[in-house]
Amino acid sequence: MNNENKKYHILTYGCQMNVHESEKIAGILTKLGYEYEEVAENADVIVFNTCCIRETAEQKILGHVGTFKKLKKKKPWLKIVMCGCMTQQEGKGEEILKNYPYVDLILGTHNIAELESRLNNLSKQKVYVQKTDGYLNEEIPSTRTSMPNAWVNIIYGCNNFCTYCIVPYVRGRERSRSIQSVYQEVEGLVREGYKEITLLGQNVNSYGNDLNDGTNFAKLLRELTKIDGKFRLRFMTSHPKDFTDEVIDAIASDKRICKHVHLPVQAGSNNMLKAMNRKYTREQYLELVEKIKTRLPGVGITTDIMVGFNGETEEDFLQTLDLVEKCKFSSAFCFVYSRRKGTAGYNMTNIVPQDIKKDRIKRLITLQNKITRQLNSNYIGNVFEILVEDVNPKFENTYCGRTECGRLVNFKSDTDIRNKFVKVKVNKGTTATLWGEITEVE
Ligand code: 5AD
Ligand code: SF4
């Protein structure tokens, strides 16, 4: 089928993995002859790349799908596709079709590559959700739009089964790419001019375990630093239980590996950590944070924290606040626990009432904001290397970029300095952003 002059739009929900997966979806659509269209309403195919980590995500997505009912009537040739984590859940595809029968195609997380053949051959069967998770999406080309940043998957899936989490059910077991394959991709990206490569995995620290040949994350990092050129290497997410000394040494071994560790703690009490099946204690986490800070001076540690998991008492929650106070995270993503069907947490009793959850999340965010402000004020007067990522459209001649440890900084420039490394002296800070002036351009 000829798709010339046809346009696609992708709506992405959820984490960085999905953002990158949307680049692969864009790659497939480009191969099919579609062009990118910024306004969803003007597109001929709209893809919803979905998330199901919390119920709110699913509600938001379905609400959005609902808004396209009218458009589909007006434009019967419009194709609506749904894929990603939400659609991989058992029976979900059929459930979606009951309420949104005008959706044309539903693909599970292991069926992305099928988009190419299915889109041109829509049929009565609309749901394709494969249960097995044996393959890697390695051959799918990416259409990247994020210069100077590029995302690279190193491991797919998760073996951890934290009791609240649906990811292992919708992403399958851990599958690592080979060092060689990751190396080739990163080298190619650096050659193309990308300056910041972020290695992605639900748990990058278990990279290589499934390869059974001694490969591990530290070795991968060291291999990648053999690539010539000025670029930054980031990685996320790290599971505290698997964060080894060898990884700390690898980070310390090359300045191009960012001293930024995203280390989700989830909760600060041992009762909750146990109920969540996190496999580390509060004491072990605190010790790890201390070790990382000592061996990687200037490191930024960020985290994810959940409040209101089943059985969480005020005492448990106070332990979370205490841990947050002690760790001084440079930022924390704070979530209210959401019950997910199919997880072990779904069947637990001791559900925390909604009003208590709301109260706790407010107190947690207030505390972290106070810490972020304190840390930001410590930055004032210091000079940081920043990779200029974009213009800040809200202000004239203003650009923005991130420090090594991930803090966003704004600064003025009369010339276009995007994709360059600059040195910036920070002179002002609010909770969210820092401001500074350029002292040196690469
Ligand atoms: N409810 C709320 N937050 C969740 N997360 C994972 N599962 C849930 C859930 N059921 C959070 C965790 C994880 C982040 C990506 O999302 O904090 O680290
Ligand atoms: Fe979910 Fe735990 Fe796996 Fe992270 S490590 S994806 S929280 S099960």
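# Exercises on a predicted model

Ligand 2 is surrounded by Cys158, Asn160, Phe161, Cys162, Tyr164, Cys165, Val167, Pro168, Gln202, His239 and Arg278. The model is a predicted one, and the exercises below start from this shell before turning to the sheets and the enclosed spaces.

**Exercise 1.** Determine how the shell around ligand 2 divides into nonpolar, polar and charged residues.

*Solution.* Begin with the members of the shell, among them Cys158, Phe161, Tyr164 and Val167, together with Asn160, Gln202, His239 and Arg278. Next, assign each residue to its class, with Cys and Tyr counted as nonpolar. The result is seven nonpolar, three polar and one charged residues around ligand 2.

**Exercise 2.** Work out which strands stand at the edges of the sheet with the order 7-10-11, and describe what packs on that sheet.

*Solution.* The sheet is open, has three strands and is paired in parallel, with the order 7-10-11. Strand 7 (149–153) and strand 11 (232–236) each have a single partner strand and therefore stand at the edges, with one side of each left without a neighbour in the sheet. From one strand to the next, the twist averages 25°. The pairing of strand 7 with strand 10 (residues 196–200) is parallel and extends over five bridges, and within this pairing tryptophan 151 stands opposite threonine 198 of strand 10. Finally, helix 1 (residues 16–31) packs on the sheet, where it touches strand 7 and strand 10, and its direction makes about 95° with that of strand 7.

**Exercise 3.** Carry out the corresponding analysis for the sheet with the order 12-13-14.

*Solution.* This is an open sheet of three strands with parallel pairing. Its edges are formed by strand 12 (260–262) and strand 14 (331–336), and because each has a single partner strand, one side of each is left without a neighbour in the sheet. The twist from one strand to the next averages 15°. Strand 12 and strand 13 (residues 300–307) run parallel and are joined by three bridges, with histidine 260 opposite glycine 300 in strand 13. Helix 14 (residues 354–379) packs on the sheet through contacts with strand 13 and strand 14, and its direction makes about 175° with that of strand 14.

**Exercise 4.** Identify which residues of strand 17 and strand 18 have leucine 434 as a bridge partner, and give the sense of each pairing.

*Solution.* Strand 17 (residues 408–412) pairs with strand 19 (residues 434–441) in the parallel sense over two bridges, and leucine 434 is the bridge partner of valine 409. Strand 18 (residues 421–429) pairs with strand 19 in the antiparallel sense over seven bridges, and here leucine 434 is the bridge partner of glycine 429. Strand 18 and strand 19 form a hairpin, with four residues between them.

**Exercise 5.** Characterise the second largest pocket and the second largest cavity by volume and lining.

*Solution.* The second largest pocket holds about 530 Å³ of space, and of its 21 lining residues the closest to its centre are Gln88, Gln89, Glu90, Ile166 and Lys341. Helix 2 (55–66), helix 5 (92–99) and helix 7 (167–171) each supply at least two residues of this lining, with helix 2 giving the largest share, four residues. By class, the pocket lining comprises five nonpolar, six polar and ten charged residues. As for enclosed space, the structure holds three cavities of 30 Å³ or more, and the second largest contains about 40 Å³. Its lining consists of Met17, Glu21, Asn153, Tyr156, Gly157, Arg171 and Gln202, which divide into two nonpolar, three polar and two charged residues.

Note on methods
Residues are numbered from 1 along each chain as its sequence is written. Chains are lettered from A and ligands numbered from 1 in the order in which they are written. This is a predicted model: local features need pLDDT of at least 70, side-chain atom pairs count only at pLDDT 80 or more; totals for chains, interfaces and linings use all residues. Side-chain values use heavy atoms; hydrogens and water are left out. A residue is near a molecule or strand if one of its heavy atoms lies within 4 Å of it. Two strands pair if DSSP finds at least two bridges between them. Axes are lines fitted to C-alpha atoms, for helices over the stretch in contact, and angles run from 0 to 180 degrees between N-to-C directions. Contact means heavy atoms within 4.5 Å. On a 1 Å grid over the protein atoms alone, a cavity is a set of points where a 1.4 Å probe fits but cannot get out, and a pocket is an open set with protein on both sides within 12 Å along at least five of seven lines; lining residues have an atom within 4 Å of a point. Grid points are joined across faces, edges and corners, and a volume is the space filled by probe spheres set on the points.
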